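Here is a short set of exercises to work through with the model open beside you. Try each task before you read its solution.

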Amino acid sequence: MLSRIAESLFWIGRYVERADDTARLLDVHVQLLLEDPWAEEDAACRSLLSVMAREVPPGRPVVGREDVLAWVAYDGTSQSSVAGALGAARENARRVREIISTELWESLNTTWAQCPARIRDGRPHDFFAWVRERSAVHAGIVDSAMSRDETWHFMALGRSIERADMTARLLTTRALAGVTGPSWVDLLRSCGAYEAFLRTYRGSMSDRLAAGFLLMDRLFPRSIAAALRQAEECLAGLDSVADRGSQDEARRHVGHARASLDYRPLGEFLDDLPHEMELVQRACSAASDAVRLRYFPSALVTSWVGEAL
Amino acid sequence: MADLFDGYPVGRVWDEMLGLDGSVRDAYERVHSSLAQMTEGELRARAESLLNAHLTKGVTFDFAGEERPFPVDVVPRVVAAAEWDHVAPGVAQRVAALEAFLADVYGPQECVRDGVVPRRVVVSSSHFHREAQGVTPPNGVRVHVSGIDIIRDGDDTWRVLEDNVRVPSGVSYVLANRRSMAQTFPELFAALRIRPVADYPRQLLAALVAAAPAGVDEPTVVVLTPGIYNSAYFEHTLLARQMGVELVEGRDLFCAGGRVWMRTTQGRRRVDVVYRRVDDEFLDPVIFRPDSQLGCPGLMTCARNGTVTIANAVGNGVADDKLIYTYVPDLIRYFLHEEPILANVDTWRLEDPGALEEVLDRLPELVVKPVDGSGGKGIVVGPAASARELDELRSRLQADPRGWIAQPVIQLSTVPTLVEAGLRPRHVDLRPFAVNDGSSVFVLPGGLTRVALPEGQLVVNSSQGGGSKDTWVLGAAAPRREHPRSAGLPLTVAKDAAVPIEPGPDAFAVQNMQMQQQQAGAPC
């Protein structure tokens with residue numbers, strides 16, 4: 001497979017997952033601000049933006065819900081906003097139009113085409129619900145109608161790396177500020193994990209259990225450990241003739257983060273959650289770089305300049 | 001442009017939004033102004049999206065064997081903080097008194113001996129179960145969940161209409177209405193400080209866990225439902241889901257070795273607390289109706305042995321018997337040594353000397369209710385009844401005076417409600433829900449407001465064509481902080497610790513160039 005194609009597939013996976021996770025995260029935050037009369041809107045929004053690595057433009061005294069929505073949800077030009085990620089996913093799909101199935105392409109294209117019409121003032125929940133639904137359609141097509149060949153592996157790899165990264169960010173929102181941040185219930189809900197969690201632990205709710213669930217539950221696919229394990233499996237699938245003496249760079253990063261989740265006691269993570277989550281995000285980022293270097297090498301861009309003698 | 005409130009009749013009955021002179025009451029100011037800014041079309045669009053939100057969630061109730069969407073009105077009901085601070089303690093007080101009464105009735109019966117309640121009233125109640133005598137709940141709680149129906153009469157006085165301490169339903173609609181309303185009116189939620197209700201399932205679970213038999217670590221709680229054809233099945237699933245406990249039917253349970261178990265794929269599993277939504281009569285075919293398929297044989301024996309807790313306790317019906325209701329103010333004074341905070345509605349006990357004659361005389365102007373009814377069944381509203389109905393009722397009253405009570409027709413307060421003709425006043429009542437965990441009574445802020453949709457109709461039950469409203473208790477209380485933020489904790493990620501969200505390959509530069517090439521190539 002061409003490296004260029006593989007890279008696009010990888011990024012389709014990442015962008016769709018990014019749109020999905022960001023929509024979930026924002027939905028919970030916005031709903032929380034609406035329902036809880038004592039939420040401190042400015043602080044909560046700033047905290048959220050910092051987790052998403054967004055800087056508040058200088059000179060903004062107060063940041064509100066509307067700003068967060070405008071920047072992180074509706075901004076079509078930024079690849080880290082929901083609308084932008086959907087656009088970028090479609091843009092990447094256009095580049096691999098000959099590789100992916102018509103069904104998959106049409107799903108992404110429809111999503112992109114309908115996106116502007118779905119953004120309506122005052123109805124963020126409808127938009128987020130729609131985004132979740134579209135990404136579920138995408139995931140369904142990928143799951144049910146795609147050969148488990150390289151195409152699938154690259155896409156699933158992108159998805160799992162992004163998922164681990166976004167779940168880590170989500171946990172950071174909680175860890176940052178006890179009050180202004182969302183409760184564990186909201187956090188679980190934003191991952192769609194609330195009901196799974198309740199069933200697993202029969203309704204006993206403690207910070208420890210909830211954090212443990214999102215960090216290292218082996219069966220829930222959105223937990224960081226599960227996402228990382230999936231990434232490992234994809235990497236293993238891509239690298240069929242593994243070098244017996246050394247480990248692939250990307251697998252080292254992912255595996256290290258996963259193993260530390262699997263084998264270190266939960267307490268160590270909870271002691272400094274923001275830092276631990278930063279490490280997870282950095283591992284995802286490093287793995288992504290390693291994947292790029294290995295599978296998508298791009299020639300140095302040579303730019304010719306006219307002779308200036 | 002036509003105002004939504006055009007033609008809204010004011011001053012006829014006590015309306016909660018508009019005063020007698022048409023002025024807007026304080027609590028409703030914000031809701032009124034935002035409604036007044038809307039056109040009818042806008043409001044109807046919101047109403048439709050509200051209904052759609054309910055349909056998506058599957059918020060339904062079963063009516064005559066058919067699954068119907070639960071109607072919710074687009075105009076919320078608002079309760080000012082000061083009013084709620086009167087109502088909530090009143091409800092809690094009432095629950096405490098009923099709890100004490102039940103403990104007494106199924107125990108030493110001191111209130112009977114002291115002459116507060118006549119023995120014959122207690123023992124003649126159809127829900128007084130001798131089988132429950134001597135069953136002592138582990139933490140002393142029998143009324144884990146209660147719904148005290150209250151109304152606001154024509155003089156702006158909150159009064160208790162009836163007590164429900166058996167299996168009160170409706171709380172799921174409170175939770176569902178709130179979520180759908182928050183999605184439909186985000187701007188109002190942003191502007192008003194509405195006390196949240198989402199905490200209810202947690203409170204309930206905590207109360208159920210607290211009620212577990214002594215010495216059980218991590219008790220297993222289950223919700224016992226009659227099955228999917230029950231009118232409140234939606235509620236059973238919602239509560240079980242939000243508490244994260246198993247929803248069981250009678251056939252999933254069995255008793256062995258003096259304990260209750262459920263059948264699971266992992267073998268049998270012990271059950272410690274049964275939050276049952278099955279009526280007493282169906283709970284245990286050994287003790288009650290032998291033909292019941294809904295219960296579990298032996299359940300009562302286990303409860304008696306103290307190996308399982310049934311919530312709410314069996315035999316609670318004696319406390320919400322409508323004749324006992326007339327004694328509740330006395331019970332509050334007797335057990336709690338307090339004056340009742342919420343008054344009763346004046347009620348004739350037909351067995352009192354002279355009462356039956358007076359009631360029979362004035363039948364066309366009174367409301368007559370069966371003492372053990374619920375869901376608005378059997379209620380006869382005098383002014384609305386035909387002569388034949390009244391005649392029939394007369395003979396029934398004479399035959400069984402213990403079985404009925406009579407009350408004056410109360411003008412329930414009204415709240416604007418969206419109907420065919422626009423916004424019109426419709427009568428409402430309120431069912432606040434209270435959860436007793438043994439140490440305190442938690443009253444859910446708000447509750448289920450039921451609204452009678454036909455004009456002038458005073459019976460508000462959903463089985464009688466009623467709708468509901470989301471009830472907003474405004475939060476004037478000081479912010480409640482569960483975990484005060486420790487001073488050292490940062491609020492945002494430090495700049496150097498923030499991991500940027502990676503952008504994809506720089507595609508746009510290439511894109512520009514490709515387009516240039518196209519343009520350049522076009523003339524060829």
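**Exercise 1. A loop with a cis bond**

In which loop does B:Asn312 lie? Find the loop, then inspect the peptide bond that leads into this residue.

Solution. Begin with numbering: residues count from 1 along each chain as its sequence is written, while chains are lettered from A and ligands numbered from 1 in the order in which they are written. This is a predicted model, in which local features need pLDDT of at least 70, side-chain atom pairs count only at pLDDT 80 or more, and totals for chains, interfaces and linings use all residues. Helices (H or I, at least four residues) and strands (E, at least two) are DSSP runs, numbered from the N terminus. With that in hand, B:Asn312 falls in the loop between strand S12 (309-311) and helix H12 (322-325) of chain B. Next, check omega: from B:Ala311 to B:Asn312 the peptide bond is cis, with omega near -10°.

**Exercise 2. Confidence**

Which element of chain B has the lowest confidence, and which the highest?

Solution. Start from pLDDT, the predictor's confidence in each residue, from 0 to 100. Chain B has a mean pLDDT of 84, with 90% of its residues at 70 or more. Helix H16 (residues 507-521) of chain B is lowest, at a mean of 56, and strand S20 (residues 433-436) of chain B is highest, at 95. Then look at residues 478-487 of chain B, where the pLDDT is below 50. Beyond near neighbours in sequence, that stretch has seven contacts in the model; a contact needs C-beta atoms, placed from the backbone, within 7 Å. For the complex, the predictor gives an ipTM of 0.74 and a pTM of 0.80.

**Exercise 3. The fold of chain A**

Describe the make-up of chain A and compare its radius of gyration with the globule rule.

Solution. First, count elements: chain A has 14 helices and zero strands. Second, apply the rule, 2.2 Å times the number of residues to the power 0.38, with the radius taken over C-alpha atoms. For 309 residues, a compact globule would have a radius near 19 Å, and the 20 Å of chain A agrees with this. Third, take the extents: the C-alpha trace spans about 60 × 50 × 45 Å along its principal axes. Finally, 51% of the 309 residues in chain A are buried, where buried means 20 or more other C-beta atoms within 10 Å of a residue's own, exposed means 12 or fewer, and partly exposed lies in between, with C-beta atoms placed from the backbone.

**Exercise 4. The core and a covered helix**

Which residues touch the most other members of the largest nonpolar core?

Solution. A nonpolar core is a set of buried Ala, Val, Leu, Ile, Met, Phe, Trp, Tyr and Cys residues joined through C-beta atoms within 7 Å. The largest one has 232 residues, and A:Leu188, A:Leu214, A:Ile224, B:Leu208, B:Val260 and B:Val274 touch the most other members. Helix H1 (residues 3-35) of chain A gives the largest share, 16 residues. Now zoom in on A:Ile224: leaving out residues up to four places away in sequence, its contacts include A:Ala164, A:Leu214 and A:Val280. Then turn to helix H9 (residues 233-243) of chain B, where nine of eleven residues are buried, among them B:Phe234, B:Glu235 and B:His236. Just after H9(B), B:Gly244 takes a positive phi of about 70°.

**Exercise 5. A three-stranded sheet**

What is the strand order of the open sheet of three strands in chain B?

Solution. The order is S8-S9-S10 (chain B), with antiparallel pairing; strands pair if DSSP finds at least two bridges between them. The edges are S8 (253-256) and S10 (267-271) of chain B, each pairing on one side only. Strand S9 (residues 259-264) of chain B and S10(B) share five bridges, and a hairpin joins them through two residues. One bridge to trace matches B:Trp261 with B:Arg270 in S10(B).

**Exercise 6. Positive phi outside glycine**

Is B:Asp156 buried or exposed?

Solution. Phi of B:Asp156 is near 60°, and the residue sits in the loop between strand S4 (145-152) and strand S5 (158-164) of chain B. B:Asp156 counts as exposed because it has 10 C-beta neighbours inside 10 Å. Repeat the steps for B:His337: its phi is positive, about 55°, and it is exposed, with 7 other C-beta atoms within 10 Å.

Terms used:
Two residues are in contact if their C-beta atoms, placed from the backbone, lie within 7 Å.
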